[in-house]
Amino acid sequence: MKATHSFLTFPTKRSTTGVVGVCKTVNTVNGKKFPCYVVTYFDDKDKLRKKKFHFKSKVESEVFQEAVAFRKKYEQKLLREYLNSW
């Protein structure tokens, strides 16, 4: 698979977290609001995907670190695949 999407190296001015691809938002389910972090990425079929990390039973800073780790791991996977396609 060849990586078709590039990653920004610096977050935009609109970033709420300071990390590219990770944002803090509120998820509403049945009228109840749940704060969460959302990681955006493209899957193998170039479809935009979002993965949510909720604060339910964890400290917010731990959830943020999990979201950032997920995003970094995905970026590394794409970089490996791109380098292997050469």
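**Exercise 1.** Is Lys-77 buried, partly exposed or exposed, and what is its relative accessible area?

*Solution.* The model is predicted: local features need pLDDT of at least 70, side-chain atom pairs count only at pLDDT 80 or more, and totals for chains, interfaces and linings use all residues. Residues are numbered from 1 along each chain as its sequence is written, and side-chain values use heavy atoms, with hydrogens and water left out.

Step 1. Buried means under 20% relative accessible area, exposed over 50%, and partly exposed in between (1.4 Å probe, protein chains only).
Step 2. Lys-77 has a relative accessible area of 28%, so Lys-77 is partly exposed.

**Exercise 2.** Find the salt-bridge partner of Lys-77 and place the pair in the fold.

*Solution.*
Step 1. A salt bridge puts a side-chain nitrogen of Lys or Arg within 4 Å of a carboxyl oxygen of Asp or Glu.
Step 2. Lys-77 pairs with Glu-81 at 3.9 Å, N to O.
Step 3. Both residues lie in helix α1, four residues apart, about one turn of the helix; helices are DSSP runs (H or I, at least four residues), numbered from the N terminus.
Step 4. Glu-81, at 22%, is partly exposed.

**Exercise 3.** Describe the salt bridge between Arg-71 and Glu-75.

*Solution.*
Step 1. The N to O distance is 2.9 Å.
Step 2. Helix α1 (residues 60-84) holds both residues, four apart.
Step 3. Arg-71 is buried at 6%, and Glu-75 is buried at 18%.

**Exercise 4.** How many salt bridges does a search of the whole structure find?

*Solution.*
Step 1. The search finds five.
Step 2. One of them joins Asp-43 and Arg-49 at 3.1 Å, N to O.
Step 3. Asp-43 is buried at 17%, whereas Arg-49 is partly exposed at 36%.

Note on methods
Helix = DSSP H or I, 4+ residues; strand = E, 2+ residues; numbered from the N terminus.
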